[in-house]
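Biologist: I would like a close look at a single part of this model. Please keep to what can be computed from the atoms.

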Amino acid sequence: MTKKKFIILPKLLKNIGIVLAVIIVISYLAWQVWSLLSPPSLEILYPKDNYVSSGKLIKILGKVEQGAWLGLNDEEISADEEGWFQVDIDLNKGLNVIKIEAHKSYGRSRVKYLRIVVE
């Protein structure tokens with residue numbers, strides 16, 4: 001007679017559970033590192049790039065990820081608790097290039113440029 005090996009179900013279930021737990025922990029840690037190092041979201045709602053204006057005063061409206069530093073032409077501006085910001089700026093006649101930057105403490109920064117022409 002030959003000996004047959006039986007699969008021990010509790011031991012198999014325990015090993016599958018351990019492997020799944022390790023995969024979940026590694027995935028969670030990778031997601032946390034990615035979210036910490038990725039640049040924050042930055043959306044400019046108004047005006048769009050290459051905007052042509054007849055007035056010298058313009059309002060910039062946008063949204064940034066909560067907790068990110070926000071700057072307009074390298075000067076800090078503030079956003080509300082939900083990340084919305086609104087800034088009035090005075091433009092010069094002709095082409096104006098506006099730099100809007102957002103960054104987190106440890107991540108990369110996200111920079112957007114707006115080109116606005118004043119007639």
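With which side chain does the side chain of Lys 99 make a polar contact? Please describe the surroundings of Lys 99 as well.

Modeller: This is a predicted model. The polar contact of the Lys 99 side chain is with the side chain of Asp 74, at 3.2 Å. Lys 99 sits in strand β7. Its relative accessible area is 22%, so Lys 99 is classed as partly exposed, because buried would require a value under 20%.

Apart from neighbours within four places in sequence, Lys 99 is in contact with Gly 71, Leu 72, Asn 73 and Asp 74, and also with Val 111, Lys 112 and Tyr 113. Asp 74 therefore appears both in this contact list and as the polar partner at 3.2 Å. For a longer separation, take Gln 66: it lies 33 residues from Lys 99 along the chain, and the two C-alpha atoms are 19 Å apart.

Strand β7 spans 94-103 and is among the elements giving two or more residues to the largest nonpolar core. That core has 19 residues, and Ile 60, Phe 85, Ile 98 and Ile 100 have the most contacts inside it. The other elements with two or more residues there are β1, β3 (57-64), β4 (69-72), β6 (84-90) and β8 (109-118).

For another site, consider Ser 38, in the loop between α1 (9-37) and β1 (42-46). Ser 38 counts as buried because its relative accessibility is 14%. Outside its neighbours within four places in sequence, Ser 38 is in contact with Lys 104 and Gly 107.

Methods:
Residues numbered from 1 in each chain as written. Predicted model: local features only at pLDDT ≥ 70, side-chain atom pairs only at ≥ 80, totals over all residues. Heavy atoms only, no water. Helix = DSSP H or I, 4+ residues; strand = E, 2+ residues; numbered from the N terminus. Buried < 20%, exposed > 50% of the residue type's maximum accessible area, 1.4 Å probe, protein only. Contact = heavy atoms within 4.5 Å. Core = buried A, V, L, I, M, F, W, Y, C linked by side-chain atoms within 4.5 Å. Polar contact = N/O pair within 3.5 Å; in protein donor to acceptor, adjacent residues only side chain to side chain.
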